[in-house]
Amino acid sequence: MAEPGGRASSTHFSGCRTLQSPLGSGTYFQTMSSPIKLYNPGPINVSDKTYEAMAEPMIGHRGKDFQALYADCQPLLKSFFQTENPVFLSTSSAWGVMEGSIRNLVGKKVLNCCCGAFSDKWLDVSKRCGKEAEALRVEWGQPIDPAELDAKLATGEFDTVTLVHSETSTGVLNNLEKLAAVLAKYPDVCSVVDTVSSFSTVPTPVDALGIDVMLTGSQKALALPPGLALFTCSQRALDRAAQQNDRGYYFDFHEFKKNHDKDMTPSTPCISLIYGLRAKLREIEAEGIENRYARHERLNAKVHAWVEKHGYEFFAPEGFRSKALTCVRNNKETDLPKLIQLLRKNHALIIDGGYGKVKGKTFRISNMGDETDATMDVVLNALDDSLAKL
Ligand SMILES: *Cc1c(COP(=O)(O)O)cnc(C)c1O
C-alpha cells in the first residue's frame, strides 16, 4: 500500500521548507509548514506532496493546459463519487455550493434535515435565500430518522431536501442508504447531500443512492487546503434548475454544465488547488479507495478504543458514528481548555474543544485525510500524557 500523503508525517515539525521547482531550475521559493499538527476536524494537515503539486507554474484557464488538467480529474472523481454525471469544481468553500443548491433547486419549499451545526445553518441559509423552508429537527448527537423524513415528504409540501451525511459538529453519520430509500419514493423531490467530512472515508455511491446533488469540500476528508468545493449534479437537478429564475451567476448549475462540456469552469478557478486535487486523486487511486475506507475505519476504531479505555462516552449513538472523526462526550468534566493548552505546548498539536453549543461538553479528534497508525498514536499518546498532567 502506498503511504498515504507521501511525507505527511515528516511535515510534523519541519518548520521552514524549501520547494524545488518542478521545471528543474532549482529552488524557487520557500514556505513555512505549520509546526502545529492539526487533529481538529478541519482544515486538516496538508502533506508536502500536495504543497509540491500545487507549486506547478500558473496557466491560463481558457487554454489547452487547463482543459487537460480538468479532464484528467474527471475519471477519478466520477469513480470515487460513483457517478456517471459530471463532477463540477467550484472555487468556493462548501457553503458556496450548499447555498447554490438552494438557489438552483428550491421552487416550492425545502426541508432541511437538522442534526447539528452545519445542517442547522442550512435552514438559515435557505431562508436568507428567500425560500420557504422548514426543519426536520432532532437533538444534537442524534441521527435523522428515515420514518420522520418519510412522514414530512408525504405531505407533498416539499420539492427539495438537504441532508448532512457526516455532521462534523456532533460526529453523527446519518444512514444514507435508509434515507435515500425514503427519498426514492418521491421522484419529484430533489436531494442535496453534504459529504464534506465523509467523502472518501466511507462509500457514498451517489448514482446508486439516487442523490441529485452530492457535494464535498477540499479541506476536510480530502486533506487539501480550503477553497475548492466539488459536486455532482443529476439531470433531474439540471431540469429543476432550468425552472428557477433567480439562480444568479456564480453558482448557476447550467453555467457549470456548459463550461464542463468544454473542460472548463464558469469563472477563473483556483488552479493551484486543482493541481493539488489531481495529485490527491492519483494518491487515492494508488492507495485504493477500498483501502482508504478500511484505513479510516481502522484509525477511527483506534480512537474509539482510547475513548473507552479512559471511561469517556461517545456523543453519537452506536451505528451512527462518523469514520472521519470522533466526537467524545466530556462525561468526566475534564478541563478541556487546559488539556488543549497542554497538547499545544508540550506536543505541538491541537484537537477541538467542541463546536457551538456543545463547546466544553464534547471534544473532537479527527482521523481523516492522510493520517496513519503512527500519526494517530502521536495524538493518543499526547492525550495520555496531557491528561496525566491535568
Ligand atoms: C466544514 C463543513 C462545512 C462548511 O464548509 P466550508 O468549507 O466552511 O464552507 C459544511 N458541512 C460540513 C459537514 C462541514 O464539516
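Reader: Which residue forms a salt bridge with Asp 370?

Author: That's Lys 280, and the closest N and O atoms of the pair are 2.7 Å apart. Keep in mind that this is a predicted model.

Reader: How many salt bridges are there between domain 2 and domain 3?

Author: The count is 1 salt bridge between those two domains. For polar contacts, the count between domain 2 and domain 3 is 7 residue pairs, both partners at pLDDT 80 or more.

Reader: Which elements give two or more residues to the side of domain 2 that touches domain 3?

Author: Look for α4 (117-128), β9 (172-173) and α10 (271-287). Of these, α10 gives the most, with 3 residues. Sorted by kind, the residues on that side of domain 2 come out as 13 nonpolar, 12 polar and 3 charged.

Reader: Okay, where do the domains begin and end in the domain assignment?

Author: Domain 1 covers 1-33, domain 2 covers 64-284 and domain 3 covers 289-389.

Reader: And how do I read the size of an interface?

Author: People often give it as the accessible area lost when the parts come together. Here, domain 2 and domain 3 bury about 2,100 Å² between them, with 64% of that on carbon and sulfur atoms. Trp 140, Leu 173 and Thr 201 supply 24% of the area that domain 2 buries against domain 3, more than any other three residues.

Reader: How many residues are in contact?

Author: You'll find 28 residues of domain 2 in contact with 21 residues of domain 3. As for the spacing, the C-alpha centres of the two domains lie 27 Å apart.

Technical notes
Residues are numbered from 1 along each chain as its sequence is written. This is a predicted model: local features need pLDDT of at least 70, side-chain atom pairs count only at pLDDT 80 or more; totals for chains, interfaces and linings use all residues. Side-chain values use heavy atoms; hydrogens and water are left out. Domain bounds come from an automatic or database domain assignment. Contact means heavy atoms within 4.5 Å. Buried area is the accessible area (1.4 Å probe) that two parts lose on being put together, summed over both. A salt bridge is a side-chain nitrogen of Lys or Arg within 4 Å of a carboxyl oxygen of Asp or Glu. A polar contact is a pair of N or O atoms within 3.5 Å; within protein, one must be able to donate a hydrogen and the other to accept it, and residues adjacent in sequence count only if both atoms are side-chain atoms. Helices (H or I, at least four residues) and strands (E, at least two) are DSSP runs, numbered from the N terminus. Ala, Val, Leu, Ile, Met, Phe, Trp, Tyr, Cys and Pro count as nonpolar, Asp, Glu, Lys and Arg as charged, and the others, Gly among them, as polar.
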